[in-house]
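Let's walk through this one together, question by question. Have a look at the model first, and then we can reason from it.

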Amino acid sequence: MARQPVAGVAVWAHTGRGPHLSDEQRRVVLDEWRAALPGKVIVAGANGPTMARAAKRGGADALLAFPVRDNAVGYHDELSRELPVIAFYLYEAAGGVCYDDRALHGILSLPDVLGIKVATLDSIMTFQRIAVMREHPDKLLITGEDRFLGYSIMMGARAALIGMGAALTDIQAALLRTWTNGDTHAFLRLSTQLDAFSQVTFTAPMEGYIRRVLWALAADGVIPDEACDDPWGPRLPPAERDAVQRAVREARVR
């Protein structure tokens with residue numbers, strides 16, 4: 001799997017906003033997704049062996065391991081006994097852990113760790129440090145960097161798992177295609193467009209990005225305006241919605 005492009009759905013994400021479902025409910029949901037998206041990989045978030053076993057019973061194909069501070073290598077090894085694992089380097093303000101090079105090497109050396117998703121949010125230097133771990137060329141580097149998506153692909157990311165991916169998805173897919181096809185001019189143009197969009201969607205307070213992405217979907221005609229409520233997120237001023245709507249319009253006219 002580590003040598004193949006990731007094309008799937010991530011569920012039960014680290015934010016805790018995923019549905020709290022019984023094993024049977026998980027199975028029904030995943031069966032429905034598999035019918036709608038044949039051949040896709042289902043990745044479930046897990047913060048320990050209990051969640052890993054529940055994900056396995058529910059029919060997940062792999063795990064996205066929420067980071068832990070203590071015994072990180074042993075933790076990933078334990079999860080990988082249930083399902084193949086994607087490690088997760090998450091910025092500390094969101095509950096992540098700053099894994100040092102020794103820990104990263106240990107995690108990526110595990111045979112059933114497929115790769116690592118990196119979401120530093122705004123630390124290009126940290127992303128560079130992880131991306132150049134050349135000792136593990138067989139492991140998949142997945143970008144979670146909404147704020148510098150194009151650059152992270154240039155640095156070696158071969159897949160993306162990003163909150164921004166829910167909106168302007170066709171433009172992001174085109175970005176990946178232009179990189180694969182070697183169309184540098186189009187790649188840089190699309191990267192600039194998406195950077196401008198991410199600057200108004202992924203900004204402080206970061207937990208507000210969910211509402212901002214919903215605003216973007218409404219501005220793009222994907223969902224109705226009344227579907228933009230996020231009862232668990234922070235309150236945001238109307239000016240932020242105006243900025244998101246403007247960014248969507250500008251991305252569509254370029």
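## Salt bridges and a buried helix face

Q: How many salt bridges does a search of the whole structure find?
A: This is a predicted model. Searching the whole structure for salt bridges gives a total of eight.

Q: Which residues are linked in a network of salt bridges?
A: Some charged side chains here are joined in a network rather than listed as a pair. The members of this network of salt bridges are Asp170, Asp220 and Arg252.

Q: Which helices does the salt bridge between Arg129 and Asp101 link?
A: The two side chains meet at 2.5 Å, N to O. They sit 28 residues apart in the chain, so the pair links distant parts of it: Arg129 belongs to helix H5 and Asp101 to helix H4. Arg129 is partly exposed at 27% relative accessible area, and Asp101 is partly exposed at 42%. The helices asked for are H5 and H4.

Q: Is Arg211, which forms a salt bridge with Asp229, buried or exposed?
A: The closest N and O atoms of this pair are 3.6 Å apart. Arg211 lies in helix H9 and Asp229 in the loop between H9 and helix H10, so the bridge ties together parts 18 residues apart in sequence. Asp229 has 51% relative accessibility and counts as exposed. For Arg211 the relative accessible area is 9%, and because the cut-off for burial is under 20%, Arg211 is buried.

Q: At what relative accessibility does Glu240, the salt-bridge partner of Arg212, count as buried?
A: The side chains of Arg212 and Glu240 meet at 2.7 Å, N to O, linking helix H9 to helix H10 across 28 residues. Arg212 counts as buried at 0% relative accessibility. Buried means under 20%, and Glu240 falls in that class at 19%.

Q: Why are the buried residues of helix H5 on the same side of the helix?
A: The residues concerned are Thr126, Phe127, Ile130 and Ala131. What covers them includes strands S4, S5 and S6 and helices H4 and H6. They are on the same side of H5 because they cover an arc around the axis of only 130°.

Q: Where in the protein is confidence lowest, and where is it highest?
A: The protein averages a pLDDT of 88, and 91% of the residues score at least 70. Over residues 1-6 the pLDDT is below 50, although this stretch has eleven contacts beyond near neighbours in sequence. Where pLDDT is low, the predicted coordinates should not be read in detail. Among the elements, the lowest mean is 54, in strand S1, and the highest is 98, in helix H3.

Conventions: Residues are numbered from 1 along each chain as its sequence is written. This is a predicted model: local features need pLDDT of at least 70, side-chain atom pairs count only at pLDDT 80 or more; totals for chains, interfaces and linings use all residues. Side-chain values use heavy atoms; hydrogens and water are left out. pLDDT is the predictor's confidence in each residue, from 0 to 100. Helices (H or I, at least four residues) and strands (E, at least two) are DSSP runs, numbered from the N terminus. Contact means heavy atoms within 4.5 Å. Buried means under 20% relative accessible area, exposed over 50%, partly exposed in between (1.4 Å probe, protein chains only). The arc is that of the directions from the helix axis to the C-beta atoms. A salt bridge is a side-chain nitrogen of Lys or Arg within 4 Å of a carboxyl oxygen of Asp or Glu.
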